[in-house]
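Me: I am new to protein structures and would like to learn how to read one. Could you take me through it step by step?

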Amino acid sequence: MTVLLETNVTLFFGRFHSLIVHLPIGFIILAIMFELLSWRKKADLSLAATYGLLIGGLFGVIAVILGLMLASDGGYNEDTLATHQWTGIATTTLAFVAYFLKINLKKFTWAAKAYPISLAVVLILLSVAGHYGGNLTHGSTYLLEYAPGPIRKMAGMKPARTRITALDSALVYEDAVHFIFETKCNVCHNRDKSKGELLLIDPQSILAGGENGAVITPGDPAASELFRRVTLDPHHEEFMPTEGRTPLTRQEVAILEWWITEGAPFDKKVADLPLSDDIKISLKEIGIGQEVSYLASLDLPAVAPETFNSIMLQGFRVSNITGNSTLLEVSYMPHNPEALSADKLKTLSDARENITWLTLSASTLQNDGLSIIANFPNLTKLKINGTRITDEGIKHLVTLDNLEYLNLYGTEITDESVDYLLQLPELKKLYVWQTKISEQGLAKLRDTAPGLVVESGI
Amino acid sequence: MDLYNEAQKRKLEFTTRRHFLKKCGTGLGGIALASLFGSDHLLAKSPAQALSNKALPHFLPKAKRVIYMHMAGAPSQLELFDYKPKLKKLHNLDCPKSLLEGKRFAFIQGTPKMLGPQHDFKQYGESGTYISDILPHFSSIVDDVTIIKSMHTDEFNHAPAQLLLQTGSPRAGRPSIGSWVTYGLGSENENLPGYMVLVSGGNNPSAGKNAWGSGFLPSEYQGVQCRNSGDPILYVSNPDGMSRNIRRKSLDAINAINKSQYEEFGDREILSRISQYEMAFKMQISVPDIMDISKEPEKIQEMYGAEPGKASFANNCLLARRLLEQGVRFIQLYHWGWDMHGDNKNNSVNEGLKKKCGEVDQPMTALVKDLKQRGLLDDTLVIWGGEFGRTPMRENRGGRVMDFYGRDHHSEAFSIWMAGGGIKEGLTYGETDEIGYYGIRDRVHVHDLQATILHQLGVDHEKFTYHFQGRDFRLTDVHGHVVKGILS
């Protein structure tokens, strides 16, 4: 007995509420379904329905008792709790009423009419009690969090704010800190279930703190109760999130530490605060500052299998750049027994939008081939080093608006190409070792396009 | 015994008890399934297709190729990259007990003395990275590489540590990282093996050929080792009287026989054999030209310090660059002889290590520079390092003072460097304590390195698995975190 006295017995049993509560729900719904089946199909399930109601009611009583024990812990929204409690008790009571009517169907003539009504009311009460119970456990926004806009509007919720994930415009509270609280803390610290009298749903509630006072000391993570709790040993009884819920990741902890150190601002942008490399990496982990490359933004239909095959038959190597991308990488390896002709390149035109990486190094490519390649709008990487191209060919390439990487080493191009190359708006890396571009040409490239890395060898 | 009975007997010999039990359990279901799926769906594809993982790469790769320069024997980080002035002050003092308690060393016994760095360091490049005087060439490319100083491993003997590094497990039998990569991503050049290995320094690494073995993966994914002097690959040209046409016809006949054997026994290795014969046939055309480093301009040969015909790390570096250019997916260069215990002059951290560095410094630097000027460094991941580090204490084999300065094996801290393939430039990552004994910041385990290599190739190391003996295997087993801090 002393063992039981040492712990909070009420709560020990109370926690079993959420386990037991699903039994009456199941039995009562089963009983109603059996009743429907036996009515429509004349199946002999009537007796099963009777027992279903009785067992459902009995488990309902247990669930109600356990529920009252759990509620004694406090920390729940009183209105929500009251609704849940009384609809739950009513459901249980009415399950017994329905059972009583069912076994006395032959005794009282009015019972035959009252019985179906009682079942309908039980079902409605059960749904209401269940819904409010869910709100107590998960928070009232849980159910419709991912609902489409119109449904959220009907339910009177404010339209979901689209989270800003760009590093220069994301808000430090709304998009980073609030996001962490929502995913890891607010299951228990919400309007319906403010455990420890703490809510973490908006700036006011966070600053208000909980039953032990403030949880955040701006500028001093070590003195902030919230930070202390999430960084304790996970086996410590005060560790948060408790009850085996997913702990904060290393990166999330780092973001909270950084936010509190910087004075826990609620209105500033991420970019307004000092950003170390480590913090940038941490922010990336929660989705802020992940650069969406041009390639990732493209959503093209896949190339037809026939096109794919006809390209391969010409001696090209073709593959998708990733397992789930429709963009293509095409190469024509040296030691290919056949020379690379303009006709071969023309077969690539059928997939011209999808080709983004093209390697024709050390092939017999000539200027006429480049006029075909110039029509590949999504080309980002082009390797044509060691080929027979000249300035005439480079002239064609100026249409490649998305080209980022261009390898021209070991070709006959001269300073004449410099002006064409400078017309490529996205070019970031250029390789011109062993070409006829002079020192002046290189200087012009480097001076005119400071963002461009020009590699001219050693 | 007549022919028929002999054939029957032979066939029965292939049916083991295991076959019988398996057939009892799955036979009937198998018949039903076969009619559902169509019978020989496996054979309809070539071996490479049958296993190629269509979901790969998982995400956009930064690197298309990898070259791993493994310094077998484990170079001393304290003489090359991890500068510890404090250790200099402690030179010749007794090692404190706290560093020895509960530790096992390969050779150190009793209380060893501390050993200060045996070479001087200077700062180089815009990054101001400290590099030892015995790496004069490498110091010119510090702004192109990331040096990780906080590597650590679980093993302190060469063979298991090399296996852990190359296969993810200290015991033999797992596929090496190159096998995993070529199995997952295939080769970029169908006329060359996707995974090639070059060895120099006089010996194979202690882990032997397991270091580039394919483990439980089909054996066509094992590393193809080239000879280090003379013809890199033997018998690559047809003998007199054998035309390419006749070779083709005889291969067709052999393949037909092999295929019927496969249909009878279902041994996956028969398919590997077919594809290896085909690979050899294709290599006859490409290999003589690619393997001939004397075709390189003299200037380039000088840059590497290569001398065609000799067995050297320099030649291997130059050859490796030619192979990378051809789209070989994974290349390993093993250079043996870094195990500087101090038991003789050639094994000392002063004389011996300096000599060893002289063998690799110029070629490894030339490789990075050459890849860079050809535009290959962007998508080629370069890694250089040993299988573990060396102790800050002087080795005292047998409890005595040895004739030369040497260091024992050390698993807690060592340095490697990486370049290209989406790795940051001019970065020093991680930090060790004042004497270089433990990593104290951003420690990187061998499994983390493997996870990072796969990540740069666009592969999620947690999703990339192979089912074998009833469970899914990964290169990193259940470990490994991608080292995000070194990614550009």
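Reply: Happy to; we will go from whole chains to sheets, contacts and single residues. Keep in mind that this is a predicted model.

Me: Let's start with the overall make-up. How many helices and strands are there in chain A, and how many in chain B?

Reply: Chain A has 20 helices and nine strands. In chain B you will find 13 helices and 17 strands.

Me: How do I judge the overall form of a chain, and what is the radius of gyration of chain B?

Reply: A handy approach is to set the radius of gyration beside the value for a compact globule with that number of residues. For the 488 residues of chain B, that value is near 23 Å, and the chain has 25 Å, which agrees. Its C-alpha trace spans about 80 × 55 × 45 Å along the principal axes.

Me: And what does chain A have for its radius of gyration?

Reply: Chain A has 35 Å, whereas a compact globule of 458 residues would be near 23 Å. The C-alpha trace of chain A spans about 105 × 65 × 40 Å along its principal axes.

Me: Which residues of chain A carry the UniProt annotation "transmembrane region"?

Reply: The unreviewed UniProt entry gives residues 20–39, 51–71, 83–102 and 114–134 of chain A. You can then look at what the model shows there. Residues 20–39 of chain A are 95% helix and 0% strand, with end C-alpha atoms 30 Å apart. Residues 114–134 of chain A are 100% helix and 0% strand, and their end C-alpha atoms also lie 30 Å apart. The unreviewed UniProt entry also places "domain: DUF2231" at residues 16–137 of chain A. That span is 84% helix and 0% strand, and its end C-alpha atoms are 13 Å apart.

Me: Which domains does the assignment give for chain B?

Reply: It gives domain 1 (3–39) and domain 2 (49–233 + 291–486) of chain B. The C-alpha centres of these two domains lie 47 Å apart.

Me: Now sheets, please. In what order do the seven strands of the open sheet in chain A come?

Reply: First the general idea: strands of a sheet pair through backbone hydrogen bonds, either parallel or antiparallel. In chain A the order is β3-β4-β5-β6-β7-β8-β9, and the pairing is mixed. The edge strands, β3 (317–320) and β9 (453–455) of chain A, each pair on one side only. From one strand to the next, the twist averages 10 degrees.

Me: Do β7 and β8 of chain A run parallel or antiparallel?

Reply: They run parallel, with three bridges joining β7 (residues 405–407) to β8 (residues 429–431) of chain A. Leu406(A) stands opposite Leu430(A) in β8(A).

Me: How many residues of each chain are in contact where A and B meet?

Reply: 23 residues of chain B are in contact with 21 residues of chain A. On the chain B side, α9 (268–290) and α12 (351–373) each supply at least two residues. The largest share, three residues, comes from α12(B). By class, the side of chain B that touches chain A has six nonpolar, 10 polar and seven charged residues.

Me: Finally, single residues. Where is the cis peptide bond, from Met240(A) to which residue?

Reply: It leads to Pro241(A), with omega near -10 degrees. Look for Pro241(A) in the loop between α11 (225–230) and α12 (250–261) of chain A.

Me: And what is the phi of Asp442(B)?

Reply: Asp442(B) has a positive phi of about 50 degrees although it is not a glycine. You will find Asp442(B) in the loop between β14 (439–441) and β15 (444–445) of chain B.

Note on methods
Residues are numbered from 1 along each chain as its sequence is written. Chains are lettered from A and ligands numbered from 1 in the order in which they are written. This is a predicted model: local features need pLDDT of at least 70, side-chain atom pairs count only at pLDDT 80 or more; totals for chains, interfaces and linings use all residues. UniProt positions are given in the numbering used here, feature names are shortened, and annotations may be inferred rather than shown by experiment. Helices (H or I, at least four residues) and strands (E, at least two) are DSSP runs, numbered from the N terminus. Domain bounds come from an automatic or database domain assignment. Two residues are in contact if their C-beta atoms, placed from the backbone, lie within 7 Å. Ala, Val, Leu, Ile, Met, Phe, Trp, Tyr, Cys and Pro count as nonpolar, Asp, Glu, Lys and Arg as charged, and the others, Gly among them, as polar. Two strands pair if DSSP finds at least two bridges between them. Axes are lines fitted to C-alpha atoms, for helices over the stretch in contact, and angles run from 0 to 180 degrees between N-to-C directions. The radius of gyration is taken over C-alpha atoms; the globule rule is 2.2 Å times the number of residues to the power 0.38.
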